[in-house]
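Q: Could you take me closely through one part of this model, beginning where the chain begins and following the contacts from there into the interior? I would like the details in a connected account rather than as a list.

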Amino acid sequence: QLQLTESGGGLVQPGGSLRLSCTAGSDFTLDHFAIGWFRQVPGKEREGLSWISLRDGTSYYAESVKGRFTISKDNTKNAVYLQIKSLKPEDTAVYYCAATRYVQVRSIHASEYEWWGQGTQVTVSS
């Protein structure tokens, strides 16, 4: 079973930045997967943010996060990162990473990701 772990969340003031990390357990390599980032607020649907293919480095951003979110990867570390700048209170959520073998090229949907991390809390408040 592929296990993913998120880290890097915490409390940050509006306008600040965070870098979230997603790493895979040592039994697996992510080289044949795509990793997506999602977030969820209680009572709302899980929102897809961005994905990146560890096969070839192609990436996708949801329209709502273009310009503030940057996804990157490090295959040697079995890791994917999400850099978030200019954080807003509306960004407060639990952020999840997830893996799929079959990424959709121009969209992101939680239902198509099979393996999930447990989430990391991001709270944006003054």
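**From the first strand to the ring cluster**

A: In this predicted model, leucine 4 has alanine 24 of strand 3 as its bridge partner. That bridge belongs to an antiparallel pairing, in which strand 1 is joined to strand 3 by four bridges. In a regular strand, side chains alternate between the two faces of the sheet. Strand 1, covering residues 4-7, shows this alternation: Leu4 and Glu6 point to one face and are buried, whereas Thr5 and Ser7 point to the other face and are not buried.

Strand 3 also leads to a covalent link, for cysteine 22 forms a disulfide with cysteine 97, the two sulfur atoms lying 2.1 Å apart. Cysteine 22 sits in strand 3 (residues 18-24) and cysteine 97 in strand 9 (residues 93-100), so that the bond connects distant parts of the chain, 75 residues apart. The link is right-handed, with 70 degrees about the S-S bond, and both cysteine 22 and cysteine 97 are buried. A search of the whole structure finds one disulfide.

Strand 9 then brings us to the aromatic side chains, where a search of the whole structure finds five aromatic pairs. One of them joins tyrosine 96 and tryptophan 116, whose ring centres are 6.3 Å apart and whose planes meet at 80 degrees, so the pair is edge-to-face. Because tyrosine 96 lies in strand 9 and tryptophan 116 in strand 10 (residues 115-116), this pair ties together parts that are 20 residues apart in sequence. The two rings fall into separate burial classes: tyrosine 96 has 15% relative accessibility and therefore counts as buried, while tryptophan 116, at 25%, counts as partly exposed. Ring pairs link Phe38, Tyr96, Tyr113 and Trp116 into a cluster.

Tyrosine 96 also has a charged neighbour, since arginine 46 lies over the face of its ring at 4.1 Å from the ring centre. A similar arrangement involves strand 3's residue range, which includes position 19: arginine 19 lies over the face of tyrosine 81, at 4.3 Å from that ring centre.

Another of the five aromatic pairs has a stacked geometry: the rings of tryptophan 51 and tyrosine 60 have their centres 6.1 Å apart and their planes at 20 degrees, so the pair counts as stacked. Both tryptophan 51 and tyrosine 60 are buried.

Notes:
Residues are numbered from 1 along each chain as its sequence is written. Side-chain values use heavy atoms; hydrogens and water are left out. A disulfide is a pair of cysteine sulfur atoms within 2.5 Å. Helices (H or I, at least four residues) and strands (E, at least two) are DSSP runs, numbered from the N terminus. Buried means under 20% relative accessible area, exposed over 50%, partly exposed in between (1.4 Å probe, protein chains only). Two strands pair if DSSP finds at least two bridges between them. Rings of Phe, Tyr and Trp (its six-membered ring) pair if their centres lie within 6.5 Å; planes under 30 degrees apart count as stacked, over 60 as edge-to-face and the rest as tilted. A charge sits over a ring if NZ of Lys or CZ of Arg is within 6 Å of the ring centre and within 35 degrees of the ring normal.
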